[in-house]
Amino acid sequence: MSMGGWEEPWKSAEAALGRAEQLLMAPSTQACEATAVQLEAVEGALRATLSSSTAARPEPGQVQRLRGGLRRVTLLLDNAAAFRLGWARVLAAMVGGYTERGEPKPLQPPASIELEG
Amino acid sequence: MAGFMASLSATSDALRAFEKALSVVQNNVANAMTPGYARQRLYLEALPFVPEAGFPGGVRAARIESARQDYAEQAVRARQSVWARSDELAAALGRIEHLFDVSGQIAIPRAITALFEAFSAWSMAPNDTVARQSVLERARDLTNRFQEIASALAQAFHQTSSAIQNQVAQINRLVGRVREINVLYRQDIRNLEDPSLDARLHALLEELSQVADFTALRQEDGSVMILLGGQTPLLVGEEQFEISADLSQPQARILDAAGRDITWQVTLGRLGAQLEFRNRILPELTADLNRLAAAMADVINARLAAGLDRNGQPGAPLFAYDAPEIAAATLRVTAITPDELAAASAEAPGGNGNALALAELADSPALDGFNFIGFYGWIARRAGGALQDAREGADQQKQMLLQTQWLREQASGVSLDEEAVNLVRFQRAYEAAARMIRAIDELMETVIRLVG
């Protein structure tokens with residue numbers, strides 16, 4: 001493969017998206033943070049694909065596959081967020097009751113500091 | 001002395017509390033592989049600390065409360081219902097996939113092409129008996145193909161009816177078993193603390209969620225109320241309300257205990273998929289197949305009637321069917337003889353004008369702007385598209401179900417403070433990831449434009 005071709009960044013994008021999907025199967029907070037990092041890598045790889053010097057481009061089937069992967073990542077991310085937010089609302093209602101508008105009171109994280117090093 | 005005694009009492013309470021905590025841990029280990037079992041969490045309750053009033057403080061195991069959060073259980077059940085629907089729909093469509101495989105043995109397009117080729121060959125030798133006989137044979141092949149597919153669709157319809165009946169029976173059976181647990185809870189509230197009973201309850205509810213979507217609400221006496229589609233009571237306390245399936249009409253109906261139609265409430269789970277398959281997908285495919293069969297018969301018969309047969313008589317019809325709504329199942333070749341096929345046009349007796357016109361029908365728009373093969377292709381594409389969507393949906397929903405099950409397992413054992421901090425961190429991570437997804441999506445659009 002020649003330098004500056006689209007294949008290598010495309011493969012990187014596919015691999016990073018696959019890792020993001022894998023991470024989201026166990027969507028802990030840390031996993032979601034790592035997902036954002038992987039997605040950033042996907043974005044970078046796609047930009048590199050677009051700026052590649054060759055006239056060749058990925059096949060429609062490859063584009064469809066990557067798009068399918070992105071759709072799955074989006075669904076998984078939204079599902080994890082919906083689960084957590086839903087639970088947060090239940091928890092907020094249990095802990096703090098409801099606001100005057102009938103909404104569960106938002107959870108207030110305790111003030112805390114973290115020391116590292 | 002009173003203070004010392006109070007301290008001892010507090011210590012022993014604390015010891016008992018931790019002892020109980022240990023038994024919870026042991027229980028968790030022993031039951032880790034039991035389906036539906038969730039970790040038990042011990043709730044420690046602070047006792048009032050007022051020594052002068054004889055309240056020594058300390059902690060007490062106020063109750064062993066199931067760490068299974070109703071929220072997480074409900075979320076998993078909701079996902080189960082959505083996944084099971086897609087999975088069942090994919091399976092049902094997969095069973096009729098071969099009928100619409102345009103390259104398959106049963107393929108109608110091949111039979112249509114063969115018939116029009118026979119017309120074409122006949123137009124070149126209009127008085128040849130072999131060519132005339134070939135037209136009749138190809139016509140019979142075509143009617144056989146229509147009948148086979150109509151019969152296979154009818155069989156799928158009846159199989160789905162049986163499946164609906166079975167699923168309804170399964171709902172009543174599972175709800176009946178939950179009712180037995182309700183009886184135990186109502187007999188003795190301490191049964192609520194029995195983890196094996198709790199595991200059985202949740203395993204049953206999870207099994208039920210694969211069949212249909214419902215809401216389970218825990219009542220004050222510990223019993224579980226089950227509402228089908230969130231609306232129709234199936235179980236209230238110890239009273240079960242059985243549902244039934246009415247399959248006597250073209251549209252299958254689900255009836256509540258009072259005989260009211262509640263079909264519209266069953267959209268998810270395997271039953272939801274079967275209802276959609278039987279009430280919408282199969283009738284639509286069958287109706288399209290009937291339209292094609294009737295249109296082919298009518299158009300070809302009309303063309304034959306406009307011509308003259310070997311004896312100079314108006315052409316006899318080639319096809320017959322009983323009624324448009326059962327055209328595919330009843331399509332057949334009439335008792336026409338080879339000589340009665342009208343090869344000549346009325347304007348040129350003895351010629352081949354009508355046979356040529358028949359051959360040209362192959363490419364003429366006949367239904368919704370399609371020629372006959374094109375219309376069949378359109379039916380096949382719709383069936384294939386529905387199958388592909390269902391399979392993709394099932395795969396996606398399976399992933400989301402596994403993810404939600406993972407989230408359920410993590411739903412216990414975190415303090416409220418940790419929970420709140422985690423939530424804020426998660427929200428930030430979510431926003432960052434969502435931003436990246438939007439950016440990637442835009443880049444993908446650019447790539448798609450470039451790829452064409």
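Select B:L228 and B:T232 to begin: B:T232, in strand 7 of chain B, is the bridge partner of B:L228. Keep in mind throughout that this is a predicted model. Strand 7 covers residues 232-236 and runs antiparallel to strand 6 of chain B, to which three bridges join it. Now colour the hairpin between these two strands, which has three residues between them. Within that hairpin, B:G229 takes a positive phi near 60°.

Next, select strand 6 of chain B itself, residues 224-228. Are its residues buried or exposed? Five of the five are buried, so the strand is largely enclosed by the rest of the structure. Turn on the side chains to see which way each one points. B:V224, B:I226 and B:L228 point one way, while B:M225 and B:L227 point the other way. Residues on both sides of strand 6 are buried.

Stay with strand 6 and add strand 5 of chain B, residues 214-218. These two strands also run antiparallel, and five bridges join them. One pair to pick out is B:T215 and B:L227, which are bridge partners. The hairpin of strands 5 and 6 has five residues between the strands. Here the residue to select is B:G222, which takes a positive phi near 95°.

Move to helix 9 of chain B, residues 372-409, and select B:L387 within it. Why does B:L387 count as buried? Its relative accessibility is 4%, and buried means under 20%. Show the residues around B:L387, leaving aside its neighbours within four places in sequence: it is in contact with B:A90, B:L93, B:G94 and B:E97. For B:G94, draw a C-alpha to C-alpha distance to B:L387; the value is 6.7 Å, although the two are 293 residues apart in sequence.

Now display chain A alone. Its secondary structure comes to three helices and zero strands, in the order α-α-α from the N terminus on. Chain A has 117 residues, of which buried residues make up 41%. Among the contacts in chain A with a separation of 6 or more, 61% are between residues 24 or more positions apart.

Bring chain B back and select the interface. On one side are 51 residues of chain A, in contact with 43 residues of chain B. The two chains bury about 4,500 Å² between them, with 76% of that on carbon and sulfur atoms. Which three residues supply more of the area that chain A buries against chain B than any other three? They are A:R67, A:F83 and A:W87, which supply 15% of that area.

Keep A:R67 selected and add B:E445. The two residues form a salt bridge, with the closest N and O atoms 2.3 Å apart. Across this interface there are four salt bridges, and 12 residue pairs are in polar contact.

For the last view, colour the helices of chain A: helix 1 (7-24), helix 2 (29-50) and helix 3 (60-96). Each supplies at least two residues of the side that touches chain B. Helix 3 gives the most, with 25 residues. Coloured by class, that side of chain A shows 32 nonpolar, seven polar and 12 charged residues.

Terms used: Residues are numbered from 1 along each chain as its sequence is written. Chains are lettered from A and ligands numbered from 1 in the order in which they are written. This is a predicted model: local features need pLDDT of at least 70, side-chain atom pairs count only at pLDDT 80 or more; totals for chains, interfaces and linings use all residues. Side-chain values use heavy atoms; hydrogens and water are left out. Contact means heavy atoms within 4.5 Å. Buried area is the accessible area (1.4 Å probe) that two parts lose on being put together, summed over both. A salt bridge is a side-chain nitrogen of Lys or Arg within 4 Å of a carboxyl oxygen of Asp or Glu. A polar contact is a pair of N or O atoms within 3.5 Å; within protein, one must be able to donate a hydrogen and the other to accept it, and residues adjacent in sequence count only if both atoms are side-chain atoms. Helices (H or I, at least four residues) and strands (E, at least two) are DSSP runs, numbered from the N terminus. Ala, Val, Leu, Ile, Met, Phe, Trp, Tyr, Cys and Pro count as nonpolar, Asp, Glu, Lys and Arg as charged, and the others, Gly among them, as polar. Buried means under 20% relative accessible area, exposed over 50%, partly exposed in between (1.4 Å probe, protein chains only). Two strands pair if DSSP finds at least two bridges between them.
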